[in-house]
Amino acid sequence: MNNFFIDRNTQKFSAISFLLTITVAIWVFGALVQTAESYFLQYGALLPSAVFHGQIWRLLSYAFLHDPNGLFHIAFNMLGLWMFGKEIEYMWGNRRFFEFYFFSAIFAGLFSLLNIFWVKYTTIIIGASGALMALLVVYAYYFPNRQLLFFFFIPMKVKTAVIVYAIISIFGTANNYGGVSHITHFGGLIAGFLWIHIGDKVDLIIRNISAAFQNISTAKSETEYKIQTPQASARAEEVDKILDKINQFGIHSLTPAERKILQDASADYKNER
């Protein structure tokens, strides 16, 4: 099973495979188990009123949930993730792709909270479309003239598709049509543009934080070693003196305290072995 997450070309852990598997597994489980579906939507969907009451995990969890009553929603998003994400992951590596994906999903989620100015406070949002729009922007940045089939049948350059999606998202947000969270799509497009300009800085910050935690862990281990070593050395000296005394005067010459030290040292030695 672990080999499934290893990319055959790079022989490294694949962020795309992991994200696809987790997202599809959640959708399948929710489709098969109705109670699970209700639980996922109740506690994982992006609901502005819930986020404003402290349930901030919804800013990411919503991206792993899709319409349980239809296949098109998740199929479209996962196909786009695989088509555009594979090449970007090859360029960046899995760690940076994870950073980008989570950044895009969270930013699109935060941007979606502006929904309160257009629609009901209780409107829920689900789907990876925001992160997918960000991915499309990044893909267009690296490969602007690549061709794709817009809505599966209209040939179009990637850079043109980004512009068309932006127009649709702006118009859709202003008019609130189609039962689609256009504002999330628009937030994803903005997230993609932001990542192009600040992605290196975000990556550097995450690297520095990770290095800081590693340094703290290393320093703690060294401190514990320094604290424990003098105690062990002092005890070893006591044991050596006791052994010398036994050699000179015999074991009967030991005091009760010296016998206790020798017994404890012997017990510790057996435990370490």
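**Exercise 1.** In what order do the elements of the chain run from the N terminus on?

Solution. This is a predicted model. Start with the count: the chain has ten helices and two strands. Now read along from the N terminus: α-α-α-α-α-α-α-β-β-α-α-α. As for cover, 36% of the chain's 273 residues count as buried.

**Exercise 2.** Check the span of helix H7 against its number of residues.

Solution. Helix H7 covers residues 129-142, which is 14 residues. The expected span is 1.5 Å times one less than the number of residues. For H7 that should come to 20 Å. The C-alpha atoms at its ends are 20 Å apart, so the two values agree.

**Exercise 3.** Is H7 mostly covered or mostly uncovered? Place Val138 in the picture.

Solution. Twelve of the 14 residues of H7 are buried, so the helix is mostly covered. Among them are Ser129, Leu132, Leu136, Val138 and Tyr139. Take Val138, which sits in helix H7. The cut-off for buried is under 20% relative accessible area. Val138 has 1%, so Val138 is buried. Next, look at Leu189. Val138 and Leu189 lie 51 residues apart in sequence. In space their C-alpha atoms are 9.2 Å apart.

**Exercise 4.** Which residues gather in a patch of negative charge on the surface? Classify Asp240 by its accessibility.

Solution. The patch holds Glu237, Glu238, Asp240 and Asp244. Asp240 lies in helix H9, residues 182-249. Partly exposed means between the 20% and 50% limits. The relative accessibility of Asp240 is 44%, so Asp240 counts as partly exposed.

Key
Residues numbered from 1 in each chain as written. Predicted model: local features only at pLDDT ≥ 70, side-chain atom pairs only at ≥ 80, totals over all residues. Heavy atoms only, no water. Helix = DSSP H or I, 4+ residues; strand = E, 2+ residues; numbered from the N terminus. Buried < 20%, exposed > 50% of the residue type's maximum accessible area, 1.4 Å probe, protein only. Patch = residues over 30% accessible without salt bridge, like charges linked within 9 Å, V, L, I, M, F, W, Y side chains within 5 Å. Areas by Shrake-Rupley, 256 points an atom, 1.4 Å probe, with all protein chains shown as cover. Salt bridge = Lys/Arg side-chain N within 4 Å of Asp/Glu carboxyl O. Lys, Arg positive; Asp, Glu negative; His and termini not counted. Charge placed at Lys NZ, Arg CZ, Asp CG, Glu CD.
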